[in-house]
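The exercises below are meant to be worked through with the sequence and the 3D view at hand. Each task is followed by a solution in steps.

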Amino acid sequence: MPRPEPQFITFSIDGREVQAPANEMLVDAAKRGDVEIPVFCYEPKLGAPVGACRMCLVDIEGIPKLQTGCSTPVKDGMVVHTQTKRVKDAQESVLEFLLINHPLDCPVCDKGGECPLQDVSFGWGGGKTRFIEPKRHFKKPLELSPLVAIDRERCILCYRCVRFSQELSEDYQLVLHERGAATFVGTFDGHPYVAPFSGNIIELCPVGALTSRPYRFRARPWDIENSGSVCTLCPAQCNVAFTVRDDRVLRVMARDNDEVDDGWLCDKGRFAYQSVHAEQRIVAPMVRDGGVLREVPWARAIEEATLALKKSGGRVAGLAGGATTNEEGFLLQRLVRDVHGSPHVDSSAGLPRAGLLAMGDPALQATVADLEFAHTVLVLGTEPVDDMPIVDLRLRKGVRRNRMTLAVATSRPSSLDPNAVLSVRYAPGAEAAFVAALSAAFYGGDVDTPARAAGTDAGAVAELAALLRTSGGDEAGDVVVLYGERVLAGGEAVTQPLLKLAGALGLSGRAGAGLLGIPAATNGRGLREAGVVPDAGPGLAELATAGADAAGIAASLTAGDTTVLYLMHTDPLRDQPQRATWDRALDKATHVIAHAGFMTEGIREHATVVFPAESYAEKEGTIVHPDGRLQRLRPAIGRPAGVRAAWQVLDELMRAAGVDTGLHTVHSATRQLFESVPFYAGLTVDTLGGKGLRWWEDEARAAAWPEPAKPGLLATVASSTPTYEAAATPNGALRLGTFKSIWASPEVEASPALKFLHPTQRVELSPVDAERLGIRHGEHVTVGGDGASVAAVAHLRNESPAGSAFLQSGIPEGAANVLEGPLVEIRKAQST
């Protein structure tokens with residue numbers, strides 16, 4: 001359903017004339033006239049109001065009874081009163097009723113000082129009670145989960161937490177037990193409330209009933225200050241507020257930005273702040289001495305890195321991970337290309353410049369908010385809850401509230417399948433053939449051949465094409481294709497049919513529709529635009545000499561053509577496929593210089609110089625959201641004494657090589673970046689503000705996008721014939737697919753509150769294959785192929801397609817990249 005165009009009406013409230021959108025809830029409309037109506041159960045983010053607490057009663061002329069302001073839409077000419085005696089008596093009575101069993105323990109309550117119940121009691125309460133009987137008591141506090149504590153004596157039954165669980169995250173774990181005065185919030189049979197978004201109920205709770213266990217009794221509101229920034233733990237880049245006391249982060253809360261996160265946070269973003277102060281964190285520079293990494297002074301570390309780069313004779317390569325800011329990436333490619341004369345820099349999914357330009361064409365870009373209001377969304381080759389969690393909530397919201405039609409096309413079963421009108425499976429790694437089949441269904445080509453090559457049913461592909469074609473009724477409506485950038489590893493074999501599909505759907509230049517890619521890492525889009533790709537400079541400018549991509553860098557290291565590898569916030573043994581290849585490459589490297597926050601296996605075994613990295617709570621700079629929104633990182637706390645900003649280290653290394661960078665602050669680097677990227681022209685950190693801006697929404701900047709990606713390219717692609725490889729035939733073995741859990745990260749591993757969620761290896765397979773192999777759910781198995789193997793626990797999923805098995809990547813031990821595929825065998829583990 002397209003965004004509704006607001007029609008403004010005029011109504012009166014307490015004698016003031018107010019203009020508001022027609023049918024806006026009275027509680028929200030009143031704020032436009034600077035009138036506050038108290039609420040407890042109402043929260044616009046939760047959807048349709050329930051009118052449970054009755055705190056918002058108001059007097060409306062022409063209606064004899066008092067009405068709930070949270071569930072009453074405003075109409076033209078409506079006259080509302082909130083200050084009459086009848087209204088005040090009702091509000092005082094409701095508050096008196098709510099406080100009958102609520103304990104008066106504000107001095108020891110974690111919510112004290114920032115509690116809506118306190119505020120409303122002072123502003124609208126009568127200040128006295130007639131209740132003298134004993135209050136009800138529960139055991140307190142209870143562990144609702146390892147992350148959330150519940151004090152049932154304080155609960156006022158506003159239903160917010162239950163509604164979030166059932167209507168927003170749709171995990172359906174929280175329920176209301178019993179009835180009447182005995183009602184309480186809990187889970188079925190007392191099971192812990194463990195879900196990707198469970199921490200949001202802490203912020204939703206209007207009293208102190210739900211509290212954060214890691215934050216509990218750590219500070220009071222007058223001891224703290226909040227600092228706004230952006231979470232860089234995944235591509236969602238949610239806007240956050242760090243709660244700081246004595247230069248330590250004690251809590252993370254959502255900082256509402258409707259265009260980015262809709263006011264929600266996943267539990268990784270909410271609780272992984274503990275990694276900032278973890279003992280495992282690297283907080284001093286290190287140099288390998290006698291085969292062991294030892295802490296050294298900064299001067300020694302800079303000297304070792306400078307000497308290594310100088311001796312390389314230009315045989316240098318750089319790899320940047322997703323936590324790298326635009327400024328750091330810009331300076332890294334400068335150090336490697338301009339200072340040491342090497343073209344080998346990478347950070348992307350492996351697409352050549354032409355593909356990046358085509359997929360990034362401003363006319364084809366969709367936004368996160370478009371997912372909610374499009375007629376149809378196709379989720380292609382990604383699991384949003386793992387890859388970009390907040391998008392999962394946005395898609396569920398679109399289906400539930402706006403009747404958006406959802407289609408899912410993935411190799412692995414998706415958590416969104418129950419919400420989808422149509423779910424289609426294809427073989428792991430067969431995205432190119434699948435998209436070719438889908439494109440052919442639009443252009444009247446051969447669907448059967450590419451469908452067979454993709455390991456899927458041609459009828460299902462045709463059904464999906466028909467669904468997209470008629471998404472707006474009789475004709476195509478607003479369609480958003482949400483794809484995982486890992487699928488683009490197939491290069492032109494994927495991008496050509498995907499662009500043909502975009503052309504058939506008329507996505508180019510259409511507001512509310514387009515393509516939206518989820519990068520494999522947080523700042524994937526920003527690093528590409530900053531020039532951290534093999535064949536393009538800042539602004540994706542064409543280079544005279546193209547360098548090697550990540551796979552090419554590994555081959556070059558192995559062959560001895562490259563001797564020094566500079567790693568910026570990445571560990572190839574975790575982040576890249578083909579671990580054995582990278583193990584050999586890192587062994588062959590003369591020097592590995594790394595910026596790292598934690599001692600992961602690749603850094604521990606191969607790094608010769610390690611610079612301690614800033615945490616995301618300490619960084620300053622910019623990053624780019626997957627939909628093109630430039631956002632600003634602001635430091636909430638100071639760095640540990642032994643940590644320096646990465647831009648400063650890169651600046652020192654360039655100056656040591658005799659290059660005057662002209663950098664004095666991080667803003668100098670930002671200014672140089674904006675001047676080097678034509679479509680960032682005119683931007684400053686001040687224009688980004690607190691919520692950022694999408695550069696491509698400005699016509700002049702969009703016009704500065706490099707020429708080959710102009711809309712005419714779609715016509716060229718439409719006439720081309722894509723090439724693709726057929727998926728491997730199992731022949732008794734299983735096709736290998738991979739996935740990365742939301743919890744697979746060093747920050748989760750280092751955070752005490754989240755450590756229980758850090759995944760161990762499991763292999764997902766269908767019951768059909770499990771029965772054939774004699775494997776039961778929960779059994780320990782060995783997954784192997786081509787002489788390598790990993791230990792895993794069998795996890796049977798009814799929805800898993802027969803002939804495929806899925807392993808986790810991004811974990812420290814036994815990750816999927818140990819196996820190169822495409823086929824693997826599974827057998828029971830040998831008992832010891």
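**Exercise 1. Domains**

Which domains does the domain assignment of the chain give?

Solution. This is a predicted model, in which local features need pLDDT of at least 70 and side-chain atom pairs count only at pLDDT 80 or more, while totals for chains, interfaces and linings use all residues. Residues are numbered from 1 along each chain as its sequence is written, and side-chain values use heavy atoms, with hydrogens and water left out.

Step 1. Domain bounds come from an automatic or database domain assignment. Here the assignment gives domain 1 (8–83) and domain 2 (137–277).
Step 2. Domain 3 is made of three segments, 286–348 + 523–617 + 642–662. Domain 4 (355–518) and domain 5 (734–828) complete the assignment.

**Exercise 2. Where domain 1 meets domain 2**

Describe the contact between domain 1 and domain 2.

Solution.
Step 1. Begin with the distance: the C-alpha centres of domain 1 and domain 2 are 28 Å apart. Contact means heavy atoms within 4.5 Å, and 11 residues from domain 1 and 14 residues from domain 2 take part.
Step 2. Next comes the buried area, the accessible area (1.4 Å probe) that two parts lose on being put together, summed over both. Domain 1 and domain 2 bury about 1000 Å² between them, with 58% of it on carbon and sulfur atoms. On the side of domain 1, F40, K45 and L46 lose the most area to domain 2, together 64% of what that side buries.
Step 3. Then look for charge pairs. A salt bridge is a side-chain nitrogen of Lys or Arg within 4 Å of a carboxyl oxygen of Asp or Glu. Between domain 1 and domain 2 the count is one salt bridge. The side chains of K45 and D256 form a salt bridge at 4.0 Å, N to O.
Step 4. Finally, sort the residues of domain 1 that touch domain 2: eight are nonpolar, one is polar and two are charged. In this sorting Ala, Val, Leu, Ile, Met, Phe, Trp, Tyr, Cys and Pro count as nonpolar, Asp, Glu, Lys and Arg as charged, and the others, Gly among them, as polar.

**Exercise 3. Three salt bridges**

Locate the partners in the salt bridges R245–D223, D478–R510 and E601–R579, and state how accessible each partner is.

Solution. A search of the whole structure finds 49 salt bridges. Helices (H or I, at least four residues) and strands (E, at least two) are DSSP runs, numbered from the N terminus. Buried means under 20% relative accessible area, exposed over 50%, and partly exposed in between (1.4 Å probe, protein chains only).

Step 1. R245 and D223 meet at 4.0 Å, N to O. R245 is in strand β12 (residues 239–245) and D223 in the loop between β10 (210–212) and β11 (225–230), so the pair ties together parts that are 22 residues apart in sequence. R245 is partly exposed at 29%, and D223 is partly exposed at 32%.
Step 2. In the pair of D478 and R510, the closest N and O atoms are 2.8 Å apart. D478 is in the loop between α15 (458–469) and β21 (479–484), and R510 is in the loop between α16 (492–505) and β22 (514–518), 32 residues apart. D478 counts as buried because its relative accessibility is 11%, whereas R510 is partly exposed at 30%.
Step 3. E601 and R579 meet at 3.6 Å, N to O. E601 lies in helix α21 (residues 601–606) and R579 in helix α20 (residues 579–588), so this pair also ties together parts 22 residues apart in sequence. E601 is buried at 7%, and R579 is buried at 15%.

**Exercise 4. Buried places**

What surrounds A29, G360 and the buried residues of α23?

Solution.
Step 1. A29 is in helix α1 (residues 26–31) and is buried, with a relative accessible area of 0%. Leaving aside neighbours within four places in sequence, A29 is in contact with F11, V18, A20, E24 and V74.
Step 2. G360 sits in the loop between α9 (353–359) and α10 (370–373). G360 is buried at 10% relative accessible area and touches Q365, R525 and W705, not counting residues up to four places away in sequence.
Step 3. Helix α23 (residues 666–676) has V666, S668, A669, T670, Q672, L673 and F674 buried. The buried residues of α23 pack against α8 (326–339), β26 (621–624), α22 (646–656) and α24 (685–688).
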